[in-house]
Amino acid sequence: MARSKPSSSKKQPKRGVDFKKIKRKIGRKLPPPKNATNTEIKSKAIILPEQSVASERAGLAVSKKGLTLKELLQQTSHHNAKVRRDALTGIRDLVLKYPAELTLHKLAIIEKLRERISDEDKVVRETLYQLLKLVIFPALKKDVPGSLISLMMAYIFNGMTHLATDIRLMAFKFFDLVVQHYPSSFFMYAEKVLQNYEDILRKNHIYLQDRSKLKNALVGLVRCLSLLPCNRRTVDPSYGKNTETQGSLHAYELEVPKEHTDFSSIIKRLEDILPILVNCFQDFIPLVHPMSSLDAQSFDCMLYLLRSIDLSVKFFLYGIDKHQTDFGVTKPTYNEKDMPVWGEIATPVFLRKFLEVFPLNQLHNTSGKDEDKFFILNIEITEIFLHSNEWIFTSAILMERFLEFIENLLSGKIRFNSRSGKALQEKHLTSLLPFIPRLVSLVANTWKSRLLQAFTMAFKDCKPESTLNLAFLSAIEEMLLPSKRQGILLLDASEPEILDHQITWIRELPVLLVRLGDTLSSLSKVILHLLLRLGQYAPMNSSLAWEYDIMQHTLGEFYSMCLDDGSILYGPFMKLPKDCQELSVCCLYYFSSLDSLLLRSLVYCCLCDNLEPSVLFRIIDVLHSAYKIGHLQLVDLISFFVTLVARWKVLPGRLYTHVENAKKISNRETFKAITGAVCSCLRQMGDDALIFQIVQRVILDEIPLNPPIDNLCGMLRLLVILDSRPTKLSEQSIIILSNSISEYLIDAASYIPENGDEVTDSNQISICQYYLVPCFFLFDRSDKLLNLVLDLMGSSIGEDNSSLACNHDTQHTLDLSSRIVAVVSILLYMHQDIKIRRRLSSCKGEITRILQKMRLQLIDPCWEQ
Amino acid sequence: MEVVIASSPVDAGIGCWDLHSGAEQLRYRSCTSTPHGLACVGQRFLASSQLRDSSSSSGSILYWSWSKPQVEVKSFPAEPIHPLVSNSDGMYIIGGGSSGAIYFWEVASGRLLKRWHAHYRAVTCLFLSDDESLLVSGAEDGCIRVWSLFMVFDDIGMEMAKNPYEYSFSEHTLRVTDMVSGYGGCNAIIVSASEDRTCKVWSLSRGKLLRSIDFPSIIEAVALDPGEHVFYAGARDGKIYIASINAETTSSNSYGKHIIGTLSDNSKGVTCLAFSKDGILLVSGSEDGTIRVWDAKTHNIVRIYRLAKGPVNNVLVVRRPLYSNRQTSENSHSSFSRRHAPLLPPPLGKYVNSTDENVDSGAVSVPQTPSSDIMDAPYLSYHVLTKQISELQQQSSAATGMEVDRLNLDCKRSVEIVQKWKEMFAYLHKFCVDELLGNDQTQTQ
């Protein structure tokens, strides 16, 4: 370019004069020659993301910006905050797109990401938090080795002691996140974490300005503390137990040792932290009182503080409780030394002071919204008080205040104003109700009656579908029955007032059950369980047992009700799931004398088509058992059984084994099974002769009602089973029976297979036998019955002839002919049976009479038409 | 001799058969036993609690000795007793009352040592764990409670503890019909049957429900296979169901989950079950008055005994000492056996006797073992000992001196006799040795 110029100017002087010398001034730049070629080359960097010399990216997982995970991770430690943030979002995209990438490189990812926990830039931290919360932790939920957590924890602790408050508080948030996903990690680092919490709370006045941050930290604390073991008041663990998991009971069990954390260190820390929490809370109070309104942030802070206090108190109680129950048998987790310090001396002083605060803000009657807030806080304090009252002897005045508050709460004098208040109130009441039994058993008599009064009122007012009912029921169970853990009665039922309340509750139960219907089967189940327990545990001949007996009048409605017009209204029993039905049936066993009215409503249920047969059999079983221990009258039970057999609806339909008839057949099989069950019950009752008399009487009452053939067959079976060889049937009953048996036989004759047919259905034969065999037994035992039946059969053929000279109704004739066929086939069938043949030989007279009548009918002029 | 004994709620007496030969032994008369109300006390005699009509307030427990068909001792406890058990050496009898109380008697003296309120309803079955430290009771209200016998007698401990019982299981909804325990003392499993058509398996060590099995019918009796692989459940429908404890059952078969088969004879309901000591023969009592012996391995009936027309409600397999049989079998020894026939202990007391309770709290009674050599050993009761001691103390020193002199004399005489024996022995010994040596010499020569 420029260099070519001077070289050309050097040569010029040698060429002489041919060219004019051009003088040039030094320092002046020449204008470029006109024909000079512009050889300037401009270069610009071209970035081709797809083509890197270093690595071949095809098939690699890349983020939206085309960066690999490795690059992204490198960028997370870039000095530019923006780059770091972009890298984090990049990782997020990448992981979302290729989940496998995360599982493969989780260690590397966490290792890199953890450095950002104490990042100076707020946005970066926030992005990291979101990344961990939304993507990484949920994805790694299943397999997280402890090493990963410990990797994180080192940096989290680092952050917790960081100088910048922002980072510190954020570190707590991170820890909260870890605990949220891996609760066990709390116990590994409990001591250190609590230490950090303690530090931060100690300097709370610094953060008073920034309450939202403090709130975040407190949320974490609450979460951690709620992981501590405490006496959980579950409704009843036995309701939802699952024992079917184990296949082999004696098999070697790979028992993972329960993580055994040394609670003593946690106790130490909590001992320190509790006063600080209390102090912190008290710091809030002056802020609150003068102000007319309480801002949401500080309210939340106060709430979380209270929760933390509550949880730590609970934990101490658990320690004491466990210590007592262990009784030195198992390895005590708590040193002897810890307990006395905790139980009696250290806590009460400042806790009592703290409780003195109660109730908050009763004086200022501010806006409704605020009142709710104070109300919630008050409830929280009450809860703490109730938790601790077992070992703090509060002053009477304070006690009064609390009791009054509880009473007001129960009776609904204090209410929430806001719209969502109702639900909130229920929620808080649920948390308080479990304490009522214990409280009632401890307080003085005047308060006892006031509390019980309020409790009973609240229970009565409670709507059936309310969730509160569950809490009410468990409280009632505790107050009615000897508790499972302690084995002693909490309340003395001999006091008339308490007894009154107890009776009110018991009376309310069946009403509630009926009102519930089948809407909330879980609640119904709890009620039924309570009833069952009551039946089991009520001391014999006590007023409670008496009350339980009285309950059967109201319980009838639960099963079914006979309306005035004769129709039956089925109660909730029919619609409840099977386990509830079983429970309610078991309740029957414990009535000391089962009422016949209840039995009637039960029998309506049994006769209903919708009832599952298995439940029906359970009812038979249970009633029989109840009879065995003298809870049921013999006559009642027998009439129950006979009614069942006589009225149970067998679906009509002839029984040939067509596939579409399968359902009908199964129905008949069920009836057979019922008859069998009833028979075996009757036989086990003892004195056959006596039972036979009763059964005979009841059956004779039923027979004139013309039951269907199946039911009649069932009843005959009952008679046959109890009867003996020379029949015990009375004259009169033989006459009544002969009437129906003759009709019955003619009906049953239709099932007799035709003679000539060789390949008759075996099923049909068995059905035929099923119908006829009981009759044969009766005939075998009583000649008289046989004679009468044959007579009646004969007259049934002949009667038309005598009454109507000649009937032109063809229908009638057909009827008659079929009847004759039936009689003939029955006689033939009877003849096949050897025993009956012998019997038949003694009544030749009757048979000839029948034959004569048939002949008459055959030559009858009507016949020819 | 291993015998099957069975009783019935109707008056058919107690039947007794040799398990292996099938020969019927004596039938003990006039027994109407309650369910689980038959016990063999330390192999020495039979005891049975009796059904009473509801009008009588007191119960009744009868004793039969092995050798006589008549009732020998009658006792009348304060209330009707349903189940009755005795520990293996026959020191104690434990009965469950209809009010829910459990009675604890010392057999030798007949004293009621303890009566405690155990259940809210009548006790239906009782058994002792195989190490006899735990008592398990089931009641009409479906509750099962486990009692430690140490705790029961530890009044102070009872007051201290929250519950008098070790465990209380209330998962059964209806009457508990039968229970049986496995091996392993306090680590054993228990199987309980109830009228709610379930059998439940419990762990005594953990105090929790391990398994609940639903059956197609009410289970009246359970028996546990000695290997604890399966248990047998006698049902009211006449079948004996076999339910697995240790096998993995994957699919539910025709009977239900965990039920792997049945023993069936188309009989009426099974009311009681017992295993023989060898663990092969299973004895079942039925509602129709027969007792069937099954081979549990092949599921076949080995033998059928007939007790009565009415139902059987108790079946036990016990080892019966041989001596009692001599009276019938060998007439020459009749005088001998009569002399040796064990005397039955006095009737059981009605109330806990509180007046002398404090003095006698350390009662000692040695049970009479059935082995024949120490059969004559009388009961060494605490009372006897105290009496002797007091007699000794009351005697004057002179009398004691005389006694000592006499004893010294005796001693001297004995020493002389011993000396004589020794000499004689030495002489005999020498004689024998000489003889032997002499023989040897003659032989060698």
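In chain B, the centres of domain 1 and domain 2, taken over C-alpha atoms, are separated by 52 Å. The structure is a predicted model, in which local features need pLDDT of at least 70, side-chain atom pairs count only at pLDDT 80 or more, and totals for chains, interfaces and linings use all residues. Residues are numbered from 1 along each chain as its sequence is written, chains are lettered from A in the order in which they are written, and side-chain values use heavy atoms, with hydrogens and water left out.

Domain bounds come from an automatic or database domain assignment. In chain B, domain 1 spans 2-319 and domain 2 spans 382-431. Chain A is assigned domain 1 (69-188), domain 2 (492-632) and domain 3 (736-799 + 812-864). The centres of domains 1 and 2 of chain A lie 59 Å apart, taken over C-alpha atoms.

Chain A contains 37 helices and 2 strands. Helices (H or I, at least four residues) and strands (E, at least two) are DSSP runs, numbered from the N terminus. Of its 865 residues, 50% count as buried. Buried means under 20% relative accessible area, exposed over 50%, and partly exposed in between (1.4 Å probe, protein chains only). Contact means heavy atoms within 4.5 Å. Among chain A contacts between residues at least 6 apart in sequence, 74% join residues at least 24 apart.

UniProt lists residues 504-644 of chain A as "domain: TEX10-like TPR repeats" in an unreviewed entry. Such annotations may be inferred rather than shown by experiment; positions follow the numbering used here and feature names are shortened. This span of chain A is 70% helix and 4% strand, and its end C-alpha atoms lie 35 Å apart. For chain B, the unreviewed UniProt entry gives "repeat: WD" at residues 116-149, 190-212 and 263-304. Residues 190-212 of chain B are 0% helix and 70% strand, with end C-alpha atoms 12 Å apart. Residues 263-304 of chain B are 0% helix and 60% strand, with ends 14 Å apart between C-alpha atoms.

N196(A) sits in helix α9 (residues 184-202) of chain A. Its relative accessible area is 8%, so N196(A) counts as buried. Beyond neighbours within four places in sequence, N196(A) is in contact with F157(A), M160(A), T161(A) and F172(A).

Aromatic pairs number 28 over all chains. Rings of Phe, Tyr and Trp (its six-membered ring) pair if their centres lie within 6.5 Å; planes under 30 degrees apart count as stacked, over 60 as edge-to-face and the rest as tilted. F776(A) and Y829(A) form a tilted pair, 6.2 Å centre to centre with 35 degrees between the planes. F776(A) lies in helix α32 (residues 762-781) and Y829(A) in helix α34 (residues 810-832), so the pair ties together parts of chain A that are 53 residues apart in sequence. Both residues, F776(A) and Y829(A), are buried. F104(B) and F153(B) pair edge-to-face, at 5.0 Å centre to centre and 75 degrees between the planes. F104(B) belongs to strand β9 (residues 101-106), while F153(B) is in the loop between α1 (149-152) and α2 (155-160), 49 residues apart. F104(B) is buried at 3% relative accessibility, whereas F153(B) is partly exposed at 37%. Ring pairs also link F455(A), F459(A), F472(A) and W505(A) into a cluster.

A disulfide is a pair of cysteine sulfur atoms within 2.5 Å. The count over all chains is 0 disulfides. The sulfur of C586(A) is too far for a bond, because the closest cysteine sulfur, in C587(A), is 7.2 Å away. C586(A) is buried, at 2% relative accessible area. For C31(B), the closest cysteine sulfur is in C272(B), 12 Å away and too far for a bond. C31(B) is buried, at 0%.
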